[in-house]
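Welcome! Please have a look at the sequence and the model below, then work through the exercises with us.

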Amino acid sequence: MSTARSAAAHPFVAHLRQVAALEHDRRTAAEEACTKAQQVLDEARLRLADAEKELAQAEQRRLIAAERSSAAAAMIASAEDFLNEPAATAADAEDTQPADPPPGSRPPASDSRTLKELVLAVFTGPEVLSPAEVAPLVRVHRQKTTNKAVRSTLTVLRREGSLVLVERGYYRLPKQEERL
C-alpha cells in the first residue's frame, strides 16, 4: 500500500494532474469559444437571409418601376405622335372613304374566312405563340375581334387537335408525328 500512496504523492503524478487540469480548462474555454462563434454565425446567417430577402424585394420593385417607366415612355411617345399628326378635316375624311362595292360583289377574302381559319393562318411554322401575339394578327383582318374570342378559338383548336398547348398560354402547330 505504501507504493500506491507514494505514487499518488509523487511529484511527477502531481505535475500530470496539473497538466490535465490545465488541458480541461483549455477544453472548456475552447467549447465556450465554439458556442459563441456558432451563435455569431447563426446570427450572421439570419442577417444574410434577411438581406437576401430585402434584395429580392428591391429587385422586384426595380423591375416593376422599369416596366412602368417604359410604359409611361411609350404612352408619351404615342401621345406625341397623335398630337403631331395633322388633324383630318371632313373633306379629307370623305376623300379617304372607300367607294361602295358594286352590287352583287363578295366581301374581301379575309373577311369571309372564319375566326378558326384566321387563327390557324397566323401559325406558319414551328413558332410558339401566345393569345396576346395572335390577337393583333387576327385583328388585321377582323378589327372587332376580342382577346377572349381569340383565346376561346385557340382552346377549341387545341381540343380539335389543330394546335398543341406547349405550356400554359402558348400554342404551336402539331408536328407531323403528333398529327397521326
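Two residues are in contact when heavy atoms lie within 4.5 Å. The model used here is a predicted one.

**Exercise 1.** Find what covers the buried residues of helix α7.

*Solution.* Start with the residues themselves: Val 150, Thr 153, Leu 154 and Leu 157 are the buried residues of α7. Viewed down the axis of α7, these buried residues fall within an arc of 105 degrees, so they line one face of the helix. Now look at what covers them: this includes α5 (115-122), α6 (131-139) and β2 (170-172). Finally, turn to the other side of α7, where Lys 148 and Arg 159 are exposed.

**Exercise 2.** Check whether the span of helix α7 agrees with its number of residues.

*Solution.* Helix α7 covers residues 147-160, which is 14 residues. The expected span takes 1.5 Å times one less than the number of residues. For α7 this should come to 20 Å, and because its end C-alpha atoms are 20 Å apart, the two agree. Just after the helix, Gly 161 takes a positive phi of about 95 degrees.

**Exercise 3.** Work out which helix gives the most to the largest nonpolar core.

*Solution.* First, meet the core: it has 15 residues, and Val 119, Phe 123, Val 134, Val 138, Leu 154 and Leu 163 have the most contacts inside it. Next, α5, α6 and α7 each supply at least two residues of this core. Among the contributors, α5 gives the most, with four residues.

To finish, take Leu 163: leaving aside neighbours within four places in sequence, its contacts include Leu 120, Phe 123, Leu 154 and Tyr 171.

Note on methods: Residues numbered from 1 in each chain as written. Predicted model: local features only at pLDDT ≥ 70, side-chain atom pairs only at ≥ 80, totals over all residues. Heavy atoms only, no water. Buried < 20%, exposed > 50% of the residue type's maximum accessible area, 1.4 Å probe, protein only. Arc of directions from axis to C-beta. Core = buried A, V, L, I, M, F, W, Y, C linked by side-chain atoms within 4.5 Å.
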